[in-house]
Amino acid sequence: MKGTVYKSTGSWYLVKTEEGESYNCRIKGKFRIQGIKSTNPVSVGDVVHFDVEENGDEVTGVIKEIEERQNYIIRKSVNLSKQTHIIAANIDVAFLIVTLNNPPTFTTFIDRFLVTAEAYGIKAVLLFNKIDTYSEEEKDEIRYLAAMYREIGYTCLGISAKTGKNIDQLQELMLGKTCLFSGHSGVGKSTLINKIEPSLDLKTSQISSQHMQGQHTTTFAEMFDLNMDAKIIDTPGIKGFGVVEIEKFELGDYFPEFFKLKHLCKFNNCLHIEEPKCAIKDALDEGDVSWSRYKSYLQILEGDEEHYRTDIYPKK
């Protein structure tokens, strides 16, 4: 039989067939995809083939094959640097939910997510949530960040999951698509999904005042069919986003503003660090490339996983 993985708990996978029937499936023996060393060989969004087994009244499935993925979002665990984790597969658009505070989402984290989306050909959209809670000064900071990312070519939308502001515009972006929702714990992911589809009634929780971080309410990735023509993949809150599977000479290609200029560099293998006549460094000096983006690039290039939550907002 054939179906799509809707939920992964690590050992069991909820698989839904095209006819709408759901089966709890497992993997038999060692199951590895060639070329990918991951903690989870099967992820939400995967299209799989499975055999049905009957054991008394219980009917389960055994996954025997994964169809080739259109794309996937993968990250390196910051605590276990040799381990990688596929967050989800076969995604049409990845929404990253960003909050200025409660908890803070720093540009280093945003850029790592965007680089990974670029590398796997996934459209990324930034959702600046909780805009109903910000002061005018904080709104100016959001406008500055949104303008910076829009200039690069990313869609940015200011929203409020609490008041419903611009949720209609978000739904338009989602129509007909399989949508990944990601971000730190506490950015309002579950509240936002409940606003889009109240019938789901996902569990939400309060921000920890001690650490200004969210409590984990989603422990496993899960896909939901919406009443509107769309699917949502809800993911656990991510603390860090380590970039994997990208060669250093390729990295600049996944920063669209670098890629646009790189043909002007003197050397075709320019890393944009110490090389003479580098178009990216010239653009940096002219203010045409953001310092925060360049700093994110250097951190990823150097494999610096320790400072992914360092605030590198430009000082004004």
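Two strands pair if DSSP finds at least two bridges between them. This model is predicted, and its N-terminal hairpin is a good place to apply that rule. Strand 1 (residues 2-8) and strand 2 (residues 13-17) pair in the antiparallel sense, over five bridges. One of the partners is easy to find: Lys7 is bridged to Leu14 in strand 2. Four residues lie between the two strands of this hairpin, and Gly10 takes a positive phi near 100 degrees.

Strand 1 has a further partner. Three bridges join strand 1 to strand 4 (residues 47-55), and these strands run antiparallel. Here Gly3 stands opposite Val48 of strand 4.

Now turn to the nonpolar interior. In soluble globular proteins, nonpolar side chains tend to be buried together. The largest nonpolar core in this model has 41 residues. Ile73, Leu126, Phe128, Tyr149 and Leu180 touch the most other members. Several elements each supply at least two residues of this core, among them strand 6, strand 7 (84-89), strand 8 (93-98) and helix 1. Strand 9 and helix 2 (136-152) do so as well. The largest share, six residues, comes from helix 2.

Phe128 shows how one core residue is surrounded. Leaving aside neighbours within four places in sequence, Phe128 is in contact with Val98, Ile142, Leu145, Ala146, Cys156, Leu157, Gly158 and Ile159. Apart from the largest core lies another, of 23 residues. Its members include Val125, Ile159, Met174 and Met228.

The aromatic rings come next. A search of the whole structure finds eight aromatic pairs. In one of them, the rings of Tyr72 and Tyr120 have their centres 4.8 Å apart and their planes at 35 degrees, so the pair is tilted. Tyr72 lies in strand 6 (residues 72-76), while Tyr120 sits in the loop between helix 1 (107-119) and strand 9 (123-128). The pair therefore ties together parts that are 48 residues apart in sequence. Both Tyr72 and Tyr120 are buried. Tyr72 also has a charged neighbour: Arg69 lies over the face of its ring, at 5.7 Å from the ring centre.

Another pair is local. Tyr294 and Tyr297 are three residues apart in helix 8 (residues 291-301), which means that about one helical turn separates them. Their ring centres are 6.2 Å apart and their planes are at 25 degrees, so this pair is stacked. Tyr294 is buried, with a relative accessible area of 7%. Tyr297 is buried too, with a relative accessible area of 1%. Both belong to one aromatic cluster, together with Phe255, Phe258 and Trp291.

Terms used:
Residues are numbered from 1 along each chain as its sequence is written. This is a predicted model: local features need pLDDT of at least 70, side-chain atom pairs count only at pLDDT 80 or more; totals for chains, interfaces and linings use all residues. Side-chain values use heavy atoms; hydrogens and water are left out. Rings of Phe, Tyr and Trp (its six-membered ring) pair if their centres lie within 6.5 Å; planes under 30 degrees apart count as stacked, over 60 as edge-to-face and the rest as tilted. Buried means under 20% relative accessible area, exposed over 50%, partly exposed in between (1.4 Å probe, protein chains only). A charge sits over a ring if NZ of Lys or CZ of Arg is within 6 Å of the ring centre and within 35 degrees of the ring normal. A nonpolar core is a set of buried Ala, Val, Leu, Ile, Met, Phe, Trp, Tyr and Cys residues joined through side-chain atoms within 4.5 Å. Contact means heavy atoms within 4.5 Å.
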